[in-house]
Amino acid sequence: MLIGVESEITIRVADELLMFLPATRRESPARVPYDGTSTLGHLVESLGVPLPEAGPMTADGEPAGPATRPDAGAEVRVAAVPRPQPVPLDPGQVAPRFLLDVHLGTLARRMRLLGLDTAYHNDMDDPALVVQANEERRVLLTQDRGLLRRRALWFGAYVRGSRPDDQLRDLLDRFAPVLRPWTRCTACNGELVPVDKQEIERELRSGTRRSYDVYGRCAGCGRVYWRGAHGDHLEEIVRDATRLVDSLRRNGTGRAGAAV
């Protein structure tokens, strides 16, 4: 390379990742100044794509990783994360554990409705979220790109969509987790355990006592649940989520994530 002459590389990202790029760079492959020493991971993030959202990469047609230092003039292709995305699980664990940031409270409640182990706090800052995610091996879900760029984070994912319905579909499409509806407290994430009606009769309204016989109590906060306590909307959420995950797990594929 001649002294004083700056080289470039070309980076093509999958359509699913264009949302992370500035509007001026979404219409064509990005030509990025290259100093010959930066890693591929650094270059991809310099475009605006958080590394947890980047899938398989190639440089001049050869497999490459975030630590790769491409040759000057190389053409790099970046795919989206394949779906469903596998998550490392502990022995006996059947579904990922999750941690949601402060802006995803409604999504957290819906995930708990589906039986997913979902931690959520409305007053926790970014460093504390990373610490909890790492210590408890939880997938950190967020719409904060800066949070996903923290090097210490073991596993994170960007949640697409502004509406809770869309956010939930994106989460299920990405991970296709095993669901256990109606087994977790939507308020605190505690597990529900069966409770005898006689033990809680004094806590129930007369109409509820007459109409229902099967109850559960949260092992964490003590809140009492019964299947009539939810409306048709919650039933629909569970039904649609179960249908989607069953389809994904049966077919073994989500949406495509190839680079253009």
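## Strands 10 to 12

In this predicted model, G216 has Y225 in strand 12 as its bridge partner. Strand 11, residues 215-218, is joined to strand 12 by two bridges, and these strands run antiparallel.

Strands 10, 11 and 12 make up an open sheet of three strands in the order 10-11-12, with antiparallel pairing. Strand 10 (192-195) and strand 12 (224-225) are the edge strands, each pairing on one side only. Strands of a sheet pair through backbone hydrogen bonds, in either a parallel or an antiparallel manner.

## Aromatic pairs and the cluster

A pair of aromatic rings is described by two quantities, the distance of the centres and the angle of the planes. The count of aromatic pairs comes to five. One of them is formed by F98 and F175, with 5.7 Å centre to centre and 65° between the planes. This pair is edge-to-face because its angle lies over the 60 degrees set for that class. The pair links distant parts of the chain: F98 belongs to strand 6 (residues 97-100) and F175 to helix 5 (residues 164-175), 77 residues apart. F98 and F175 are both buried.

F175 also pairs with F155, at 6.3 Å centre to centre and 55° between the planes, an arrangement that counts as tilted. F155 lies in the loop between helix 4 (145-148) and strand 9 (156-158), while F175 is in helix 5, so this pair ties together parts that are 20 residues apart in sequence. F155 is buried, as is F175.

One aromatic cluster is formed by F98, W154, F155 and F175. The ring of W154 has a further neighbour: the charged end of R137 sits over this ring, 3.8 Å from its centre.

## Helix 2 and helix 5

Helix 5, which carries F175, also meets helix 2 (residues 105-113): the two axes come within 9 Å and cross at roughly 55°. Helix 2 and helix 5 are therefore oblique to each other. The crossing in which helix 2 passes helix 5 is right-handed.

## Backbone exceptions

Most residues other than glycine have a negative phi, and most peptide bonds are trans. Exceptions to both tendencies are found in loops of this model, as set out below.

The peptide bond from R83 to P84 is cis, and its omega is near -10°. P84 is in the loop between strand 5 (75-80) and strand 6. Strand 6 is also the element that holds F98 of the edge-to-face pair.

W182 is not a glycine, yet its phi is positive, at about 65°. W182 is placed in the loop between helix 5 and strand 10. With a relative accessible area of 22%, W182 is partly exposed, because the buried class ends at 20%. N189, also a residue other than glycine, has a positive phi near 80°. N189 lies in the loop between helix 5 and strand 10. At 10% relative accessibility, N189 counts as buried. The loop with W182 and N189 thus runs between helix 5 and strand 10, and strand 10 is one of the edge strands of the open sheet.

Terms used
Residues numbered from 1 in each chain as written. Predicted model: local features only at pLDDT ≥ 70, side-chain atom pairs only at ≥ 80, totals over all residues. Heavy atoms only, no water. Phe/Tyr/Trp six-rings, centres within 6.5 Å; stacked < 30°, edge-to-face > 60°. Helix = DSSP H or I, 4+ residues; strand = E, 2+ residues; numbered from the N terminus. Buried < 20%, exposed > 50% of the residue type's maximum accessible area, 1.4 Å probe, protein only. Lys NZ or Arg CZ within 6 Å of the ring centre and 35° of its normal. Pairing = 2+ DSSP bridges. Axes fitted to C-alpha atoms, helices over the stretch in contact; angles between N-to-C directions. Parallel < 35°, antiparallel > 145°, perpendicular 65-115°, else oblique. Left-handed = near helix turned anticlockwise from the far one by under 90°.
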